[in-house]
Amino acid sequence: MTTSTQTIAVLDFGSQYTQVIARRIRECSVYSRVFNYNVKASELRKANVCGIILSGGPASVLGKEAIFPDKEIFKMGVPVLGICYGLQVMGKLLGGKVAKSSQREYGSGKLTFKATGALLKGLKSPQRVWNSHGDRLEKMPAGFKAIAQTDNSKYAVIEDAKRRFYGMQFHPEVAHTPKGKKIIENFLYGVCKCKGDWKMSTYAEQLIHDIRQQVGKKKVILGLSGGVDSSVVAALVHKAIGKQLTCVFVDNGLMRLNERKQVEKIFRSHFKMNLKCVNATQRFLKALKGVTDPERKRKIIGRVFVRVFEDAVKNAGQADYLAQGTIYPDVIESAANPAKPAAVIKSHHNVGGLPKDMKFKLLEPIRELFKDEVRVLGEELGLPHDMLWRHPFPGPGLGVRVAGEITAERLNILRKADDILNQEMVKSGWYAKVWQSFCVFVPVRTVGVMGDERTYDWVIAIRIVNSVDAMTADWSDIPHKVLARISNRIINEVKGVNRVVLDISSKPPATIEWE
């Protein structure tokens, strides 16, 4: 990004919503960057920062685990907004008082206005907001005034208009605060005087520039699965460094039906990329034999994946970088950043399963984007619509959709069932209406009746969900006629299956994938 581009810095204190803040800013056509909480003010000045947002976080400013920013950021002369933990950090550092709240505030709350303030301009009292805190500001620093309160926090919104310092105890970045985006816009445009001239094409140019700067004359190997994320990274890196990129498709035996043929057709014929295909099916199945624990499966798949790559490099020529399609939900769920005390939900093969002695340096250009943003980036790069809007497919492939032990027989059953589901979703028009639809092999045999004879076969579960960014998801209400056709075809056409069930759980408490 050029030094003339306005930048809003989001200082990350470990919140799982930090990147959501950055995303909301980009949705307002303003460029945002996430920095570690202790970034030096001098670095922010070099980045042409026109505003700073202090994120929430899991720590308490009152505890030993408390983390604080460089105090010099308050002397930079730019607006600062503290959100939740960020408000408490600002309050404590500037001379206020923070204390344990007698009653914690989690979930929806009512924000009542007490005065006119820049952040709440254009909004009417009261407003519904989303809270998630156990501490609260008890005494404001000198120069601040209270703008709004909630039932449990009389300083829910505060401001020092002269110094342009602002704070709010709730989370405006989440969808559960209905007017949260308006509050963020007020900070960006009303306080920081942003121009709103940033767009994805600009971001694409910056990513291409960054890749060239990082890679230089060195070579890059990319694991190409044919999914949205790896395809966008392939187009991005290829545009940046051209023939320095070699794409390797690893046929690990965990892919969808005819996946290898489709990848070869698209990337060799259409994009003219240097693509090498490696058949490693038996190698993966041997490593996964007898393994049932989901975390072990993911880590084994990630480890073998890199080893196969290292073998492929010997034939393709030495490479220095391994490019991956890691996106932000992967990073959050794997808690890959040691500075963030976020809980590990599940390890993703491309952020949690890589061996420590890996010979490659990592190149992950889209790790700060959500899935829908990746698709927009892909459109900027000229990728086909059908490819970009293909449903997400996990890095470990069908390895996390075969519950329990992975065998060749179970994978074949699942591929056929999943292909039927895909066909019927496309035919009915529902494929484009949902976020994701797929089948899961359930390692349970049930009794059935076929042709007046008893059967004792496997169960296939159907998972169809709607989501925006994969952080949360709800099961999709598909017409019964469509579900009936899917079930009937799977049972009749896939040998070894006599029962189909529908997963109607949401995320949270469940995850989208079963493992």
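Reader: What makes strand 13 (residues 321–323) and strand 14 a pair?

Author: In this predicted model, three bridges join strand 13 to strand 14, and the two run parallel. Pairing requires at least two bridges, so the two strands qualify. Within this part of the model, A323 stands opposite L363 of strand 14.

Reader: Where does this pair sit in the sheet, and what is the order of the strands?

Author: The sheet is open and has five strands, arranged in the order 12-11-10-13-14 with parallel pairing. At its edges are strand 12 (275–279) and strand 14 (361–363), each of which pairs on one side only. On average, and with direction ignored, neighbouring strands of the sheet are turned by 30 degrees against each other.

Reader: How do you know that helix 5 (residues 200–215) packs on the sheet?

Author: Helix 5 touches strand 10 (220–223), strand 13 and strand 14, where touching calls for heavy atoms within 4.5 Å. The direction of helix 5 makes about 170 degrees with that of strand 14. Helix 6 (residues 228–241) also lies across strands of the sheet, namely strand 10, strand 11 (245–251), strand 13 and strand 14, and it runs at about 160 degrees to strand 10.

Reader: Why are helix 6 and helix 11 called oblique to each other?

Author: Helix 6 and helix 11 (residues 371–380) pack at an angle of about 40 degrees, their axes being 10 Å apart. Roughly parallel would need an angle under 35 degrees, and roughly perpendicular begins at 65, so the two helices are oblique to each other. The crossing of helix 6 past helix 11 is left-handed. Helix 6 brings V228, D229 and V232 to the contact, while helix 11 brings K371, V374, R375, L377 and G378. Sorted by class, these comprise four nonpolar, one polar and three charged residues.

Reader: Why, then, are helix 13 and helix 14 described as roughly antiparallel?

Author: The axes of helix 13 (residues 408–428) and helix 14 (residues 480–493) cross at roughly 150 degrees and come within 9 Å. An angle over 145 degrees counts as roughly antiparallel, and therefore that is the description given to helix 13 and helix 14. Helix 13 passes helix 14 in a right-handed crossing. From helix 13, the residues A417, I420, L421, Q423, E424, M425 and S428 meet V482, R485, I486, R489, I490 and E493 of helix 14. The contact divides into seven nonpolar, two polar and four charged residues.

Reader: What makes the contact of E373 with R26 a salt bridge?

Author: The closest N and O atoms of E373 and R26 are 3.0 Å apart, and the rule asks for a distance within 4 Å, so the pair is counted as a salt bridge. The pair links distant parts of the chain, with E373 in helix 11 and R26 in helix 1 (residues 18–27), 347 residues apart. By the rule, the count comes to 21 salt bridges.

Reader: Which residues are joined by cis peptide bonds, and what is omega there?

Author: One cis bond joins S125 and P126, with omega about 0 degrees, and P126 lies in the loop between strand 5 (97–113) and strand 6 (127–139). Another joins K507 and P508, with omega about -15 degrees, and P508 is placed in the segment after strand 18 (497–503).

Reader: What is phi of S29, and what sets this value apart?

Author: Phi of S29 is near 65 degrees, which is a positive value in a residue other than glycine. S29 is found in the loop between helix 1 and strand 2 (31–36).

Technical notes
Residues numbered from 1 in each chain as written. Predicted model: local features only at pLDDT ≥ 70, side-chain atom pairs only at ≥ 80, totals over all residues. Heavy atoms only, no water. Helix = DSSP H or I, 4+ residues; strand = E, 2+ residues; numbered from the N terminus. Axes fitted to C-alpha atoms, helices over the stretch in contact; angles between N-to-C directions. Parallel < 35°, antiparallel > 145°, perpendicular 65-115°, else oblique. Left-handed = near helix turned anticlockwise from the far one by under 90°. Nonpolar A, V, L, I, M, F, W, Y, C, P; charged D, E, K, R; others polar. Salt bridge = Lys/Arg side-chain N within 4 Å of Asp/Glu carboxyl O.
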